[in-house]
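Good morning, and thank you for making time for this presentation. Please look at the sequence and the structure before I begin.

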Amino acid sequence: MTEVAEQQAGRLLGGQIESKLLTTFFVLYKTARILEANNNAYTNQLNNFYSAFTELGKTSGTIILKTFSGRYFVNDKMVRFNDSGLSGAASVVSEWKKLGIGGVHFEPTVTKKQISSFMRFLSKTKPNEDNLESLSDALKQHGLDNVTLLAARDEGAGGASLDEETRKMFRKMARKTFFQAMDTVQEVVVNTMHDRDINISRTKRVVHSLIDQITRDESSMLELAAIRDFDDYTYAHSTNVSVYALTLGVRLGLDRARLSQLGFTALFHDIGKVRLPKDLISKPDAFDEDDWIQMQSHPTLGAKTILRNMKLDIHVARAARGAFEHHINSDFTGYPYLHYKKREPTLFSKIISIVDSFDALTSGRVYLKKSLTPDVVFKKLRYQMSIKFDPFLLKLFNDIIGIYPAGSLVLLTTDEIALVLTNNDIDKSCPYVKIVGNREGLLKTPLWVDLTQPEHSERKIVRQVEPERYGLDIKDFVLKD
Ligand SMILES: [Fe+2]
Ligand SMILES: [Fe+2]
(Lines give C-alpha, C1' and ligand atoms only; values in the text may rest on other atoms or scores of the structure.)
(Ligands and ions follow the chains in the order given, each with its own letter.)
Protein backbone atom coordinates (compact mmCIF):
# COMPACT_ATOMS: atom_id res chain seq x y z
CA MET A 1 0.00 0.00 0.00
CA THR A 2 1.33 3.43 -0.86
CA GLU A 3 2.24 5.94 1.79
CA VAL A 4 -0.37 8.37 0.48
CA ALA A 5 -3.13 5.75 0.72
CA GLU A 6 -2.04 4.90 4.23
CA GLN A 7 -2.10 8.54 5.25
CA GLN A 8 -5.57 8.89 3.74
CA ALA A 9 -6.84 5.90 5.70
CA GLY A 10 -5.22 7.25 8.88
CA ARG A 11 -7.05 10.54 8.48
CA LEU A 12 -10.38 8.75 8.71
CA LEU A 13 -10.09 7.80 12.35
CA GLY A 14 -10.46 10.26 15.17
CA GLY A 15 -7.84 10.46 17.91
CA GLN A 16 -7.75 11.49 21.54
CA ILE A 17 -9.06 15.00 21.03
CA GLU A 18 -12.11 13.84 19.04
CA SER A 19 -12.81 11.24 21.70
CA LYS A 20 -12.48 13.86 24.47
CA LEU A 21 -14.86 16.16 22.61
CA LEU A 22 -17.51 13.46 22.37
CA THR A 23 -17.20 12.38 26.00
CA THR A 24 -17.33 15.92 27.37
CA PHE A 25 -20.24 16.79 25.05
CA PHE A 26 -22.44 13.98 26.33
CA VAL A 27 -21.41 14.45 29.97
CA LEU A 28 -22.29 18.15 29.71
CA TYR A 29 -25.58 17.27 28.03
CA LYS A 30 -26.57 15.02 30.90
CA THR A 31 -25.31 17.46 33.54
CA ALA A 32 -27.38 20.28 31.99
CA ARG A 33 -30.41 18.15 32.59
CA ILE A 34 -29.96 17.82 36.32
CA LEU A 35 -28.00 20.87 37.48
CA GLU A 36 -28.67 24.59 37.34
CA ALA A 37 -26.46 26.82 35.17
CA ASN A 38 -24.82 28.43 38.21
CA ASN A 39 -23.87 25.10 39.80
CA ASN A 40 -20.09 24.58 40.03
CA ALA A 41 -20.21 21.00 38.77
CA TYR A 42 -22.10 22.18 35.69
CA THR A 43 -19.61 25.03 35.06
CA ASN A 44 -16.74 22.54 35.31
CA GLN A 45 -18.31 20.27 32.70
CA LEU A 46 -18.95 23.27 30.46
CA ASN A 47 -15.28 24.27 30.77
CA ASN A 48 -14.16 20.71 29.98
CA PHE A 49 -16.20 20.61 26.79
CA TYR A 50 -15.22 24.13 25.78
CA SER A 51 -11.53 23.35 26.19
CA ALA A 52 -11.81 20.31 23.85
CA PHE A 53 -13.99 22.39 21.51
CA THR A 54 -11.49 25.26 21.19
CA GLU A 55 -8.53 22.90 20.90
CA LEU A 56 -10.11 21.03 17.99
CA GLY A 57 -11.52 24.24 16.54
CA LYS A 58 -7.99 25.63 16.12
CA THR A 59 -7.34 23.14 13.34
CA SER A 60 -10.80 22.41 12.01
CA GLY A 61 -12.80 25.63 12.48
CA THR A 62 -16.27 24.16 12.19
CA ILE A 63 -17.09 21.21 14.44
CA ILE A 64 -19.57 18.59 13.32
CA LEU A 65 -20.60 15.86 15.66
CA LYS A 66 -22.64 13.02 14.16
CA THR A 67 -23.95 9.64 15.14
CA PHE A 68 -25.17 6.91 12.83
CA SER A 69 -25.79 3.18 13.25
CA GLY A 70 -24.18 3.12 16.70
CA ARG A 71 -21.08 4.86 15.37
CA TYR A 72 -19.83 8.31 16.29
CA PHE A 73 -18.12 10.82 14.04
CA VAL A 74 -16.39 14.14 14.70
CA ASN A 75 -15.76 16.15 11.52
CA ASP A 76 -16.27 12.95 9.51
CA LYS A 77 -13.65 11.05 11.44
CA MET A 78 -14.97 7.94 13.07
CA VAL A 79 -14.24 7.93 16.79
CA ARG A 80 -13.75 4.82 18.91
CA PHE A 81 -16.01 5.67 21.77
CA ASN A 82 -17.79 3.66 24.44
CA ASP A 83 -21.31 5.08 24.38
CA SER A 84 -22.61 2.83 27.13
CA GLY A 85 -19.97 4.07 29.59
CA LEU A 86 -19.98 7.10 31.86
CA SER A 87 -20.79 9.55 29.08
CA GLY A 88 -24.33 8.12 28.89
CA ALA A 89 -24.28 8.84 25.14
CA ALA A 90 -26.33 5.79 24.19
CA SER A 91 -29.42 6.98 26.09
CA VAL A 92 -29.07 10.52 24.68
CA VAL A 93 -28.78 9.15 21.15
CA SER A 94 -31.84 6.95 21.56
CA GLU A 95 -33.80 10.11 22.48
CA TRP A 96 -32.28 11.91 19.50
CA LYS A 97 -33.54 9.16 17.23
CA LYS A 98 -37.10 9.81 18.37
CA LEU A 99 -36.60 13.52 17.71
CA GLY A 100 -35.02 12.87 14.31
CA ILE A 101 -31.66 14.33 15.38
CA GLY A 102 -28.48 12.79 13.96
CA GLY A 103 -25.91 15.32 15.13
CA VAL A 104 -24.90 18.92 15.78
CA HIS A 105 -23.01 21.41 13.63
CA PHE A 106 -21.13 24.18 15.47
CA GLU A 107 -19.87 27.20 13.54
CA PRO A 108 -16.40 28.45 14.59
CA THR A 109 -18.03 31.66 15.93
CA VAL A 110 -19.93 29.89 18.73
CA THR A 111 -19.08 31.25 22.19
CA LYS A 112 -18.96 29.40 25.50
CA LYS A 113 -22.12 31.20 26.60
CA GLN A 114 -23.94 30.07 23.46
CA ILE A 115 -22.80 26.50 23.96
CA SER A 116 -24.23 26.62 27.45
CA SER A 117 -27.57 28.03 26.21
CA PHE A 118 -27.69 25.40 23.48
CA MET A 119 -27.02 22.56 25.91
CA ARG A 120 -29.61 23.78 28.39
CA PHE A 121 -32.13 24.17 25.60
CA LEU A 122 -31.46 20.78 24.02
CA SER A 123 -31.41 18.84 27.26
CA LYS A 124 -34.93 20.05 28.04
CA THR A 125 -36.47 18.65 24.87
CA LYS A 126 -39.23 16.07 25.12
CA PRO A 127 -38.98 13.25 22.58
CA ASN A 128 -42.76 12.78 22.52
CA GLU A 129 -43.60 16.42 21.86
CA ASP A 130 -40.72 17.93 19.89
CA ASN A 131 -39.17 17.13 16.55
CA LEU A 132 -36.21 18.31 14.50
CA GLU A 133 -38.15 21.11 12.78
CA SER A 134 -39.72 22.57 15.90
CA LEU A 135 -36.37 22.44 17.68
CA SER A 136 -34.51 24.10 14.80
CA ASP A 137 -37.05 26.93 14.75
CA ALA A 138 -36.79 27.36 18.51
CA LEU A 139 -32.99 27.52 18.29
CA LYS A 140 -33.23 30.43 15.87
CA GLN A 141 -35.65 32.20 18.15
CA HIS A 142 -33.12 31.82 20.97
CA GLY A 143 -30.60 33.63 18.72
CA LEU A 144 -28.56 30.44 18.34
CA ASP A 145 -28.20 30.51 14.58
CA ASN A 146 -24.60 29.36 14.57
CA VAL A 147 -25.53 25.96 15.95
CA THR A 148 -27.51 23.64 13.67
CA LEU A 149 -29.17 20.35 14.46
CA LEU A 150 -28.54 17.70 11.81
CA ALA A 151 -31.21 15.31 10.65
CA ALA A 152 -30.83 11.63 11.51
CA ARG A 153 -30.17 9.39 8.55
CA ASP A 154 -32.52 6.58 7.78
CA GLU A 155 -30.71 3.59 9.17
CA GLY A 156 -32.97 1.07 7.48
CA ALA A 157 -32.32 -2.61 8.13
CA GLY A 158 -29.26 -4.76 7.70
CA GLY A 159 -25.78 -3.88 6.56
CA ALA A 160 -26.85 -2.52 3.20
CA SER A 161 -28.12 0.67 4.84
CA LEU A 162 -24.74 2.34 5.23
CA ASP A 163 -24.60 5.35 2.98
CA GLU A 164 -22.07 5.79 0.23
CA GLU A 165 -19.85 8.15 2.24
CA THR A 166 -19.61 5.88 5.29
CA ARG A 167 -19.12 2.86 3.09
CA LYS A 168 -16.22 4.49 1.26
CA MET A 169 -14.61 5.34 4.56
CA PHE A 170 -14.93 1.78 5.86
CA ARG A 171 -13.52 0.41 2.63
CA LYS A 172 -10.44 2.62 2.94
CA MET A 173 -9.87 1.52 6.51
CA ALA A 174 -10.36 -2.13 5.54
CA ARG A 175 -7.70 -1.81 2.84
CA LYS A 176 -5.20 -0.39 5.27
CA THR A 177 -5.75 -3.25 7.73
CA PHE A 178 -5.72 -5.90 5.01
CA PHE A 179 -2.41 -4.75 3.55
CA GLN A 180 -0.88 -4.44 6.99
CA ALA A 181 -1.82 -8.07 7.61
CA MET A 182 -0.26 -9.09 4.29
CA ASP A 183 2.94 -7.20 5.17
CA THR A 184 3.10 -8.98 8.51
CA VAL A 185 2.75 -12.40 6.90
CA GLN A 186 5.51 -11.45 4.46
CA GLU A 187 7.78 -10.36 7.31
CA VAL A 188 7.19 -13.64 9.15
CA VAL A 189 7.81 -15.67 5.99
CA VAL A 190 11.12 -13.90 5.34
CA ASN A 191 12.22 -14.42 8.96
CA THR A 192 11.23 -18.07 8.78
CA MET A 193 13.23 -18.55 5.59
CA HIS A 194 16.31 -17.26 7.40
CA ASP A 195 15.39 -19.30 10.48
CA ARG A 196 15.27 -16.15 12.59
CA ASP A 197 13.15 -15.74 15.70
CA ILE A 198 9.75 -14.31 14.92
CA ASN A 199 8.43 -11.33 16.86
CA ILE A 200 4.77 -12.07 17.36
CA SER A 201 3.64 -8.83 18.99
CA ARG A 202 3.23 -7.01 15.66
CA THR A 203 1.15 -9.90 14.34
CA LYS A 204 -1.08 -9.77 17.41
CA ARG A 205 -1.65 -6.04 16.86
CA VAL A 206 -2.58 -6.65 13.24
CA VAL A 207 -5.00 -9.40 14.25
CA HIS A 208 -6.68 -6.97 16.65
CA SER A 209 -7.11 -4.47 13.80
CA LEU A 210 -8.63 -7.25 11.68
CA ILE A 211 -11.08 -8.07 14.49
CA ASP A 212 -12.05 -4.39 14.87
CA GLN A 213 -12.57 -4.07 11.15
CA ILE A 214 -14.61 -7.25 10.82
CA THR A 215 -16.87 -6.49 13.77
CA ARG A 216 -17.48 -3.00 12.34
CA ASP A 217 -17.96 -3.91 8.69
CA GLU A 218 -17.24 -7.44 7.57
CA SER A 219 -18.23 -6.81 3.93
CA SER A 220 -15.27 -4.57 3.12
CA MET A 221 -12.87 -7.23 4.40
CA LEU A 222 -14.67 -10.04 2.56
CA GLU A 223 -14.45 -7.98 -0.61
CA LEU A 224 -10.66 -7.74 -0.27
CA ALA A 225 -10.40 -11.45 0.51
CA ALA A 226 -12.23 -12.08 -2.76
CA ILE A 227 -9.44 -10.54 -4.86
CA ARG A 228 -7.89 -13.44 -6.68
CA ASP A 229 -4.91 -12.02 -8.48
CA PHE A 230 -2.51 -10.51 -6.01
CA ASP A 231 1.06 -10.91 -7.24
CA ASP A 232 2.04 -12.89 -4.22
CA TYR A 233 -0.84 -15.16 -3.50
CA THR A 234 0.94 -16.84 -0.57
CA TYR A 235 0.61 -13.76 1.62
CA ALA A 236 -2.88 -12.97 0.39
CA HIS A 237 -4.04 -16.54 1.04
CA SER A 238 -2.96 -16.46 4.71
CA THR A 239 -4.62 -13.06 5.14
CA ASN A 240 -7.81 -14.28 3.46
CA VAL A 241 -7.95 -17.36 5.66
CA SER A 242 -7.56 -15.16 8.72
CA VAL A 243 -10.32 -12.79 7.53
CA TYR A 244 -12.73 -15.65 6.78
CA ALA A 245 -11.90 -17.46 10.04
CA LEU A 246 -12.45 -14.30 12.08
CA THR A 247 -15.74 -13.56 10.32
CA LEU A 248 -16.90 -17.04 11.25
CA GLY A 249 -15.54 -16.62 14.80
CA VAL A 250 -17.42 -13.33 15.25
CA ARG A 251 -20.67 -15.00 14.12
CA LEU A 252 -20.02 -17.82 16.58
CA GLY A 253 -19.80 -15.24 19.35
CA LEU A 254 -16.21 -16.03 20.38
CA ASP A 255 -14.81 -13.56 22.86
CA ARG A 256 -12.00 -11.20 21.90
CA ALA A 257 -9.22 -13.32 23.42
CA ARG A 258 -10.35 -16.36 21.44
CA LEU A 259 -10.78 -14.30 18.28
CA SER A 260 -7.25 -13.01 18.66
CA GLN A 261 -5.90 -16.57 18.96
CA LEU A 262 -8.03 -17.71 16.01
CA GLY A 263 -6.89 -14.89 13.72
CA PHE A 264 -3.28 -15.51 14.71
CA THR A 265 -3.57 -19.28 14.11
CA ALA A 266 -5.16 -18.70 10.71
CA LEU A 267 -2.41 -16.29 9.60
CA PHE A 268 0.22 -19.00 10.17
CA HIS A 269 -1.66 -22.13 9.13
CA ASP A 270 0.51 -22.63 6.03
CA ILE A 271 3.83 -21.37 7.39
CA GLY A 272 5.25 -24.89 6.84
CA LYS A 273 5.13 -24.26 3.08
CA VAL A 274 8.03 -21.86 3.52
CA ARG A 275 10.18 -24.94 4.17
CA LEU A 276 9.21 -26.54 0.84
CA PRO A 277 11.01 -25.89 -2.50
CA LYS A 278 9.81 -22.62 -4.07
CA ASP A 279 9.20 -24.18 -7.49
CA LEU A 280 6.81 -26.69 -5.94
CA ILE A 281 4.64 -23.94 -4.45
CA SER A 282 4.56 -21.94 -7.67
CA LYS A 283 4.27 -24.95 -9.98
CA PRO A 284 1.76 -24.01 -12.67
CA ASP A 285 0.74 -27.62 -13.51
CA ALA A 286 -1.23 -30.10 -11.47
CA PHE A 287 0.78 -31.91 -8.82
CA ASP A 288 2.17 -35.41 -9.45
CA GLU A 289 2.50 -38.00 -6.71
CA ASP A 290 5.95 -36.84 -5.65
CA ASP A 291 4.73 -33.26 -5.38
CA TRP A 292 1.86 -34.39 -3.17
CA ILE A 293 4.13 -36.31 -0.83
CA GLN A 294 6.22 -33.18 -0.35
CA MET A 295 3.19 -30.94 -0.05
CA GLN A 296 1.67 -33.13 2.63
CA SER A 297 4.57 -32.47 4.95
CA HIS A 298 3.67 -28.78 5.33
CA PRO A 299 1.40 -29.18 8.39
CA THR A 300 4.12 -30.94 10.38
CA LEU A 301 6.78 -28.54 9.14
CA GLY A 302 4.49 -25.67 10.09
CA ALA A 303 3.92 -26.86 13.65
CA LYS A 304 7.66 -27.40 14.12
CA THR A 305 8.52 -23.98 12.70
CA ILE A 306 6.01 -22.21 14.93
CA LEU A 307 7.23 -23.96 18.06
CA ARG A 308 10.88 -23.42 17.21
CA ASN A 309 10.84 -19.81 16.03
CA MET A 310 8.16 -18.19 18.20
CA LYS A 311 8.24 -17.64 21.96
CA LEU A 312 5.70 -20.04 23.44
CA ASP A 313 2.42 -18.62 24.71
CA ILE A 314 -1.25 -19.50 24.24
CA HIS A 315 -1.37 -17.95 20.75
CA VAL A 316 1.71 -19.87 19.63
CA ALA A 317 0.50 -23.16 21.12
CA ARG A 318 -2.84 -22.84 19.34
CA ALA A 319 -1.15 -21.81 16.09
CA ALA A 320 1.08 -24.90 16.19
CA ARG A 321 -1.94 -27.14 16.64
CA GLY A 322 -3.89 -25.32 13.91
CA ALA A 323 -1.01 -25.70 11.45
CA PHE A 324 -0.71 -29.39 12.31
CA GLU A 325 -4.44 -30.18 12.04
CA HIS A 326 -5.77 -28.04 9.21
CA HIS A 327 -5.69 -30.87 6.62
CA ILE A 328 -6.31 -33.74 8.98
CA ASN A 329 -10.12 -34.10 8.32
CA SER A 330 -12.79 -34.95 10.86
CA ASP A 331 -12.41 -38.68 10.17
CA PHE A 332 -8.58 -38.50 10.03
CA THR A 333 -8.45 -39.45 6.34
CA GLY A 334 -6.42 -36.35 5.57
CA TYR A 335 -2.82 -35.63 6.39
CA PRO A 336 -0.60 -35.96 8.38
CA TYR A 337 -1.74 -39.52 8.96
CA LEU A 338 -1.97 -40.37 12.64
CA HIS A 339 -1.22 -43.95 13.69
CA TYR A 340 -2.40 -43.47 17.23
CA LYS A 341 -3.64 -40.80 19.67
CA LYS A 342 -6.28 -39.54 17.28
CA ARG A 343 -7.63 -36.51 19.09
CA GLU A 344 -10.58 -34.62 17.61
CA PRO A 345 -9.34 -31.52 15.78
CA THR A 346 -9.93 -28.29 17.71
CA LEU A 347 -12.66 -25.79 16.82
CA PHE A 348 -9.97 -23.52 15.34
CA SER A 349 -8.66 -26.32 13.11
CA LYS A 350 -12.21 -27.14 11.96
CA ILE A 351 -12.85 -23.48 11.10
CA ILE A 352 -9.54 -23.11 9.29
CA SER A 353 -9.97 -26.30 7.26
CA ILE A 354 -13.27 -24.97 5.83
CA VAL A 355 -12.18 -21.43 5.04
CA ASP A 356 -8.78 -22.60 3.78
CA SER A 357 -10.41 -24.98 1.28
CA PHE A 358 -12.85 -22.26 0.23
CA ASP A 359 -10.07 -19.77 -0.46
CA ALA A 360 -7.85 -22.33 -2.20
CA LEU A 361 -10.64 -23.55 -4.48
CA THR A 362 -12.01 -20.12 -5.39
CA SER A 363 -8.52 -18.82 -6.10
CA GLY A 364 -7.43 -21.68 -8.33
CA ARG A 365 -3.87 -21.07 -7.18
CA VAL A 366 -3.47 -24.01 -4.86
CA TYR A 367 -3.89 -27.73 -5.69
CA LEU A 368 -6.57 -27.57 -8.40
CA LYS A 369 -4.91 -24.83 -10.49
CA LYS A 370 -8.32 -23.81 -11.76
CA SER A 371 -10.52 -21.23 -10.09
CA LEU A 372 -14.12 -22.08 -9.24
CA THR A 373 -16.98 -19.76 -8.39
CA PRO A 374 -18.08 -19.71 -4.73
CA ASP A 375 -21.38 -21.53 -5.40
CA VAL A 376 -19.55 -24.41 -7.11
CA VAL A 377 -17.03 -24.46 -4.27
CA PHE A 378 -19.78 -24.74 -1.65
CA LYS A 379 -21.32 -27.65 -3.57
CA LYS A 380 -17.94 -29.37 -3.50
CA LEU A 381 -17.45 -28.63 0.19
CA ARG A 382 -20.92 -29.91 1.08
CA TYR A 383 -20.22 -33.09 -0.86
CA GLN A 384 -17.14 -33.68 1.30
CA MET A 385 -18.92 -32.60 4.45
CA SER A 386 -19.32 -35.98 6.12
CA ILE A 387 -15.62 -36.76 6.01
CA LYS A 388 -13.90 -33.41 6.03
CA PHE A 389 -15.89 -30.57 7.44
CA ASP A 390 -18.10 -29.76 10.38
CA PRO A 391 -21.65 -29.40 8.90
CA PHE A 392 -22.72 -26.62 11.26
CA LEU A 393 -19.64 -24.50 10.62
CA LEU A 394 -19.91 -25.08 6.89
CA LYS A 395 -23.55 -23.96 6.86
CA LEU A 396 -22.70 -20.86 8.86
CA PHE A 397 -19.84 -19.97 6.52
CA ASN A 398 -22.07 -20.51 3.49
CA ASP A 399 -24.60 -18.09 5.02
CA ILE A 400 -21.88 -15.47 5.54
CA ILE A 401 -20.60 -15.71 1.98
CA GLY A 402 -24.14 -15.70 0.59
CA ILE A 403 -25.31 -16.33 -2.95
CA TYR A 404 -23.39 -13.41 -4.35
CA PRO A 405 -20.32 -12.91 -2.18
CA ALA A 406 -18.90 -9.47 -1.49
CA GLY A 407 -16.23 -8.85 -4.11
CA SER A 408 -17.91 -10.81 -6.91
CA LEU A 409 -18.97 -9.29 -10.22
CA VAL A 410 -22.56 -9.72 -11.35
CA LEU A 411 -24.52 -9.05 -14.52
CA LEU A 412 -27.82 -7.18 -14.05
CA THR A 413 -31.02 -7.42 -16.11
CA THR A 414 -30.25 -3.87 -17.27
CA ASP A 415 -27.05 -5.20 -18.92
CA GLU A 416 -24.97 -3.45 -16.32
CA ILE A 417 -22.00 -5.01 -14.55
CA ALA A 418 -21.79 -4.48 -10.79
CA LEU A 419 -19.46 -5.30 -7.93
CA VAL A 420 -21.22 -6.85 -4.93
CA LEU A 421 -20.46 -4.87 -1.78
CA THR A 422 -22.69 -6.19 0.99
CA ASN A 423 -25.15 -9.01 1.28
CA ASN A 424 -28.56 -7.96 2.38
CA ASP A 425 -29.71 -10.04 5.35
CA ILE A 426 -33.37 -9.74 4.41
CA ASP A 427 -33.03 -10.64 0.74
CA LYS A 428 -29.78 -12.28 -0.26
CA SER A 429 -30.60 -11.96 -3.96
CA CYS A 430 -30.59 -8.15 -3.65
CA PRO A 431 -27.23 -7.05 -2.28
CA TYR A 432 -25.82 -3.54 -2.11
CA VAL A 433 -23.70 -3.10 -5.24
CA LYS A 434 -21.45 -0.67 -7.08
CA ILE A 435 -22.36 -0.51 -10.77
CA VAL A 436 -19.11 -0.20 -12.68
CA GLY A 437 -20.10 -0.62 -16.32
CA ASN A 438 -22.88 -0.85 -18.86
CA ARG A 439 -23.31 -1.61 -22.57
CA GLU A 440 -21.20 1.40 -23.50
CA GLY A 441 -18.27 0.37 -21.32
CA LEU A 442 -16.92 1.23 -17.89
CA LEU A 443 -18.53 4.10 -16.01
CA LYS A 444 -16.33 7.05 -15.08
CA THR A 445 -18.26 7.48 -11.85
CA PRO A 446 -19.58 4.20 -10.49
CA LEU A 447 -23.14 4.09 -9.25
CA TRP A 448 -23.76 2.88 -5.69
CA VAL A 449 -27.07 1.07 -5.54
CA ASP A 450 -29.08 -0.78 -2.91
CA LEU A 451 -30.93 -3.41 -4.96
CA THR A 452 -33.63 -3.78 -2.28
CA GLN A 453 -34.87 -0.23 -2.93
CA PRO A 454 -38.07 0.03 -5.01
CA GLU A 455 -36.51 2.59 -7.41
CA HIS A 456 -34.08 -0.15 -8.52
CA SER A 457 -36.71 -2.84 -8.97
CA GLU A 458 -35.83 -3.19 -12.67
CA ARG A 459 -32.28 -4.12 -11.69
CA LYS A 460 -32.10 -7.83 -10.90
CA ILE A 461 -29.03 -10.02 -10.81
CA VAL A 462 -28.89 -12.38 -13.79
CA ARG A 463 -25.73 -14.24 -12.77
CA GLN A 464 -22.25 -13.98 -11.42
CA VAL A 465 -19.63 -13.25 -14.08
CA GLU A 466 -15.95 -13.98 -14.24
CA PRO A 467 -14.01 -10.70 -14.57
CA GLU A 468 -11.47 -12.24 -16.99
CA ARG A 469 -14.25 -12.98 -19.49
CA TYR A 470 -14.84 -9.26 -19.85
CA GLY A 471 -11.16 -8.36 -19.69
CA LEU A 472 -11.71 -6.78 -16.28
CA ASP A 473 -9.48 -6.79 -13.24
CA ILE A 474 -11.45 -6.98 -10.03
CA LYS A 475 -8.67 -5.11 -8.20
CA ASP A 476 -9.59 -1.98 -10.18
CA PHE A 477 -13.01 -1.96 -8.56
CA VAL A 478 -12.21 -3.17 -5.08
CA LEU A 479 -9.13 -1.08 -4.45
CA LYS A 480 -10.33 2.19 -5.99
CA ASP A 481 -13.18 4.48 -5.02
FE1 LIG B 1 -2.36 -25.92 4.15
FE1 LIG C 1 -3.87 -22.83 3.26
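Leaving aside residues up to four places away in sequence, I306 touches F268, I271, V316, A319, A320 and A323; two residues are in contact here if their C-beta atoms, placed from the backbone, lie within 7 Å. I should say at once that this is a predicted model, in which local features need pLDDT of at least 70, side-chain atom pairs count only at pLDDT 80 or more, and totals for chains, interfaces and linings use all residues. Residues are numbered from 1 along each chain as its sequence is written, while chains are lettered from A and ligands numbered from 1 in the order in which they are written.

I306 belongs to the largest nonpolar core, which has 110 residues. A nonpolar core is a set of buried Ala, Val, Leu, Ile, Met, Phe, Trp, Tyr and Cys residues joined through C-beta atoms within 7 Å. A residue counts as buried if 20 or more other C-beta atoms lie within 10 Å of its own, as exposed if 12 or fewer do, and as partly exposed in between, with C-beta atoms placed from the backbone. The residues with the most contacts inside this core are L22, A245, I306, V355 and V433. Which helix gives the most to the core? That is α7, with ten residues. In soluble globular proteins, nonpolar side chains tend to be buried together.

Let me now turn to the overall organisation. The protein has 19 helices and ten strands; helices (H or I, at least four residues) and strands (E, at least two) are DSSP runs, numbered from the N terminus. The C-alpha trace spans about 85 × 55 × 40 Å along its principal axes. Of the 481 residues, 39% are buried. Among contacts with a separation of 6 or more, 69% are between residues 24 or more positions apart.

The protein is divided into domain 1 (9–151), domain 2 (160–401) and domain 3 (409–478), with bounds that come from an automatic or database domain assignment. The centres of domain 2 and domain 3, taken over C-alpha atoms, are separated by 28 Å. Ten residues of domain 2 are in contact with twelve residues of domain 3. On the domain 2 side, α7 (164–193) and α9 (218–225) each supply at least two of the residues that touch domain 3. The largest share of that side, three residues, comes from α9. By class, the side has three nonpolar, two polar and five charged residues; Ala, Val, Leu, Ile, Met, Phe, Trp, Tyr, Cys and Pro count as nonpolar, Asp, Glu, Lys and Arg as charged, and the others, Gly among them, as polar.

Next, the sheets. One open sheet of five strands follows the order β3-β2-β1-β4-β5, with antiparallel pairing, where two strands pair if DSSP finds at least two bridges between them. At its edges stand β3 (77–79) and β5 (147–151), each with a single partner strand, so one side of each has no neighbour in the sheet. From one strand to the next, the twist averages 25°. Strand β4 (residues 101–106) is joined to β5 by five antiparallel bridges, and I101 has A151 in β5 as its bridge partner. Helix α6 (residues 132–141) lies across β4 and β5 and runs at about 175° to β5; axes are lines fitted to C-alpha atoms, for helices over the stretch in contact, and angles run from 0 to 180 degrees between N-to-C directions.

A further open sheet of five strands has the order β9-β8-β7-β6-β10, again with antiparallel pairing. Its edge strands are β9 (441–450) and β10 (461–465), each pairing on one side only. Direction ignored, neighbouring strands here are turned by 30° against each other on average.

Is β7 enclosed or open to its surroundings? Six of the six residues of β7 are buried, so β7 is largely enclosed by the rest of the structure. Three bridges join strand β6 (residues 409–412) to strand β7 (residues 417–422), and these include the pairing of V410 with A418. The two strands form a hairpin with four residues between them, and D415 in the turn has a positive phi of about 65°. To strand β8 (residues 432–438), β7 is joined by five antiparallel bridges, and V420 stands opposite V433 in β8. V433 also appears among the residues with the most contacts inside the largest nonpolar core.

Finally, β8 and β9 pair in the antiparallel sense over six bridges, with Y432 opposite D450 in β9. A hairpin of two residues joins β8 to β9.
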